[in-house]
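Take a look at the model shown here. The report below walks through its fold, its core and a few of its residues.

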Amino acid sequence: MSTEVEPVEHEDRWVLNLRGLSVVRICIDFRLTLVLDAGWEVALEAPARLSTGPLHTSPGRPLKPESQDVAAALPLFGAKVLSAVVFKSGVLRMVFDSGMHLTCSADASFEAWQVTEPRGWRFISLPGGDLGVWSSGASDNPQGRAAKH
């Protein structure tokens with residue numbers, strides 16, 4: 001699947017163009033990183049939840065990257081992304097073709113997660129519930145466009 005389409009900003013969220021990309025590697029250290037084909041990476045540093053079925057009926061299984069308690073995420077290997085949304089409140093939500101939903105909320109004290117892309121896009125859940133967005137598209141800023149939402 002092509003990732004040539006830029007992420008799309010809405011009033012309260014960004015929709016990422018990850019549909020159809022597969023999880024090709026899972027890395028575990030002090031964080032849980034899902035590496036997708038086409039070079040996208042989703043790194044979780046804060047506790048997250050992995051659920052199946054309707055979100056309102058399943059509390060899900062906790063993922064705790066800081067203690068490497070992330071075995072529940074291993075079935076994501078090979079799964080394809082159906083949707084990926086980063087909310088300006090600092091929440092990340094991903095849905096996979098396996099029926100699994102990944103949700104990581106913002107943290108009060110540190111960056112809870114980040115999503116990066118090889119052409120320069122970077123989305124980071126900032127401490128306290130804000131979203132940082134950078135892209136390499138801004139020529140007047142060598143680090144790209146940074147926006148706190």
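The text starts with the whole chain and then turns to single residues.

## The chain as a whole

This is a predicted model. The chain has 149 residues, and 44% of them are buried. What is its secondary structure? The chain has 14 strands and zero helices. Read from the N terminus, the elements are β-β-β-β-β-β-β-β-β-β-β-β-β-β.

Contacts also span the sequence. Take the contacts with a separation of 6 or more: 43% of them join residues 24 or more positions apart. On the outside, the chain exposes about 7,400 Å². Carbon and sulfur atoms supply 53% of that area.

## The nonpolar core

The largest nonpolar core has 36 residues. Which of them touch the most other members? They are Trp-113 and Phe-123. Several strands give two or more residues to this core, among them S4 (32–36), S5 (41–44), S6 (48–52) and S8 (81–87). Strands S9 (92–96), S10 (100–104), S11 (113–116) and S13 (130–135) do so as well.

## Phe-123 and its ring partners

Phe-123 counts as buried because its relative accessibility is 0%, and the cut-off for buried is under 20%. Leave out residues up to four places away in sequence. Phe-123 then touches Pro-7, Trp-14, Leu-16, Val-86, Trp-113, Gln-114, Val-115, Leu-131, Gly-132 and Val-133.

How many aromatic pairs does the structure hold? There are three. Two of them involve Phe-123 and are set out here.

| Pair | Type | Centre to centre | Angle between planes |
|---|---|---|---|
| Trp-14 and Phe-123 | edge-to-face | 5.4 Å | 65° |
| Trp-121 and Phe-123 | stacked | 5.7 Å | 5° |

The pair of Trp-14 and Phe-123 links distant parts of the chain. Trp-14 is in strand S2 (residues 13–15), while Phe-123 is in strand S12 (residues 122–126). The two residues are 109 residues apart. Both Trp-14 and Phe-123 are buried.

Is Trp-121 buried or exposed? Trp-121 counts as buried because its relative accessibility is 9%. Ring pairs join Trp-14, Trp-121 and Phe-123 into a cluster.

## Val-86

Val-86 sits in strand S8. Its relative accessibility is 0%, so Val-86 counts as buried. Which residues does Val-86 contact, beyond its neighbours within four places in sequence? The list is Arg-13, Trp-14, Leu-16, Val-91, Leu-92, Trp-113, Val-115, Phe-123 and Leu-131. Phe-123 and Val-86 thus appear in each other's contact lists. Trp-14 is in contact with Val-86, and Trp-14 also touches Phe-123.

One contact of Val-86 reaches back along the sequence to Arg-13. These two are 73 residues apart along the chain, yet their C-alpha atoms are separated by 5.6 Å.

## Leu-50

Leu-50 belongs to strand S6, one of the strands that give two or more residues to the core. Why does Leu-50 count as buried? Its relative accessible area is 4%, and the cut-off is under 20%.

Set aside residues up to four places away in sequence. Leu-50 then touches Gly-60, Arg-61, Leu-63, Ala-72, Ala-73, Leu-76, Met-100, His-101 and Leu-102. Arg-61 is eleven residues from Leu-50 along the chain. The C-alpha atoms of Leu-50 and Arg-61 are separated by 5.2 Å.

Key
Residues are numbered from 1 along each chain as its sequence is written. This is a predicted model: local features need pLDDT of at least 70, side-chain atom pairs count only at pLDDT 80 or more; totals for chains, interfaces and linings use all residues. Side-chain values use heavy atoms; hydrogens and water are left out. Helices (H or I, at least four residues) and strands (E, at least two) are DSSP runs, numbered from the N terminus. Buried means under 20% relative accessible area, exposed over 50%, partly exposed in between (1.4 Å probe, protein chains only). Contact means heavy atoms within 4.5 Å. Accessible areas come from the Shrake-Rupley method with a 1.4 Å probe; for residues, only the protein chains shown count as cover. A nonpolar core is a set of buried Ala, Val, Leu, Ile, Met, Phe, Trp, Tyr and Cys residues joined through side-chain atoms within 4.5 Å. Rings of Phe, Tyr and Trp (its six-membered ring) pair if their centres lie within 6.5 Å; planes under 30 degrees apart count as stacked, over 60 as edge-to-face and the rest as tilted.
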